[in-house]
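Please open the structure in your viewer and keep the selection tool at hand. The tour moves from one selection to the next and says what is found at each stop.

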Amino acid sequence: MHTESDNIQDYLKKSDVIDYDHKLIVAKCRELEKGMEEKDETSLIKKIYEFVRDDIDHSGDIDAQEVTCKASEVLETGHGICCAKSHLLAAMLRCLGIPAGFCYQKLCSGQEGINRKVLHGLNAVYLKDLDRWVRLDARGNKPGVDAQFSVYEEKIAWPVNKERGEEDHPVIFKEPNHVVVEILKKSNDRKEMWAQWELGLKDLFRN
């Protein structure tokens, strides 16, 4: 994996989607910060990650039809798909001055076999104490999915299976994929969203 930008400040920026100055995000970050030692940044990252992974539902797991996109929307509604949850995790980390980026995978759809691929979104966070980036997947655990906060051994929701044609995109992006954001914002429900979802995959994986 390599970063899209060599400027670490690019992974701390606010945007319309990563709206980390929203009052709900600021309040939740302050709440989760309470009782944490100032120098223990790694434990704070773990706490934020586990909040997004466990307390914010994956929309598909609860069959929610509403589509969320902006970080504050995901927090307010309490759910989002993988990419939307990655927006919230990045916003909360950036709110606390912790660099965070966006990563993507091309995965086989469990419902439709290896002929149909879907785009999966997750995050990378910079651990200052270790001077390295690690990927974190806040999709949300369920039977068959056991993503964990892990510094030395990556434990994401779905490690890629290259024999099935799955891929990790090698870049840690500074902003969410623009096609993904557009689809999330324009979709009236999840059915409409999934009908457009492969566009995001094609925009990222051009082979």
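## Two crossing helices

Helices α1 and α4 cross in a right-handed sense. To see this in the model, which is a predicted one, select residues 23-33 for α1 and residues 82-95 for α4, whose axes come within 10 Å and cross at roughly 65 degrees. Because of that angle, α1 counts as roughly perpendicular to α4. Now show the side chains where the two helices touch: on α1 the contact is made by I25, V26, K28, C29 and L32, and on α4 by L88, A91, M92 and C95. If you colour these contact residues by character, you will find eight nonpolar, no polar and one charged.

## A buried valine

Next, select V180, which lies in helix α5, a helix that spans residues 178-186. Is V180 buried or exposed? Its relative accessibility is 1%, so V180 counts as buried. Add C69 to the selection and draw a line between the two C-alpha atoms: V180 and C69 are 9.1 Å apart in space, while 111 residues separate them in sequence.

## Salt bridges

How many salt bridges does a search of the whole structure find? The search finds 15, and a few of them are worth a stop. Side chains of opposite charge can pair when their charged atoms come close.

Begin with K13 and D10, whose side chains form a salt bridge with an N to O distance of 3.0 Å. The two partners can be looked at in turn: K13 has a relative accessibility of 43% and therefore counts as partly exposed, whereas D10, with a relative accessible area of 10%, is buried.

Then move to D16 and K185, where the salt bridge has an N to O distance of 2.6 Å. D16 belongs to the loop between β1 (2-3) and α1, and K185 to helix α5, so this pair ties together parts that are 169 residues apart in sequence. D16 is partly exposed, at a relative accessible area of 44%, and K185 is also partly exposed, at 46%. Keep both residues selected and add K70, since D16, K70 and K185 are linked in a network of salt bridges.

For another stop, select D61 and K142, whose side chains meet in a salt bridge of 3.9 Å, N to O. Where do the two residues lie? D61 is in the loop between β2 (57-58) and α3 (71-77), and K142 is in the loop between β6 (132-136) and β7 (167-168), so the pair ties together parts that are 81 residues apart in sequence. D61 counts as partly exposed, with a relative accessibility of 38%, and K142 also counts as partly exposed, with 36%.

## Two loop residues with positive phi

Stay with the loop between β2 and α3 and select D63, which is found there. The phi angle of D63 is positive, about 55 degrees, although D63 is not a glycine. With 52% relative accessibility, D63 counts as exposed.

Finish at D131, in the loop between β5 (113-127) and β6. Phi of D131 is near 50 degrees, which is again a positive value in a residue other than glycine. At 56% relative accessibility, D131 counts as exposed.

Methods: Residues numbered from 1 in each chain as written. Predicted model: local features only at pLDDT ≥ 70, side-chain atom pairs only at ≥ 80, totals over all residues. Heavy atoms only, no water. Axes fitted to C-alpha atoms, helices over the stretch in contact; angles between N-to-C directions. Helix = DSSP H or I, 4+ residues; strand = E, 2+ residues; numbered from the N terminus. Parallel < 35°, antiparallel > 145°, perpendicular 65-115°, else oblique. Left-handed = near helix turned anticlockwise from the far one by under 90°. Contact = heavy atoms within 4.5 Å. Nonpolar A, V, L, I, M, F, W, Y, C, P; charged D, E, K, R; others polar. Buried < 20%, exposed > 50% of the residue type's maximum accessible area, 1.4 Å probe, protein only. Salt bridge = Lys/Arg side-chain N within 4 Å of Asp/Glu carboxyl O.
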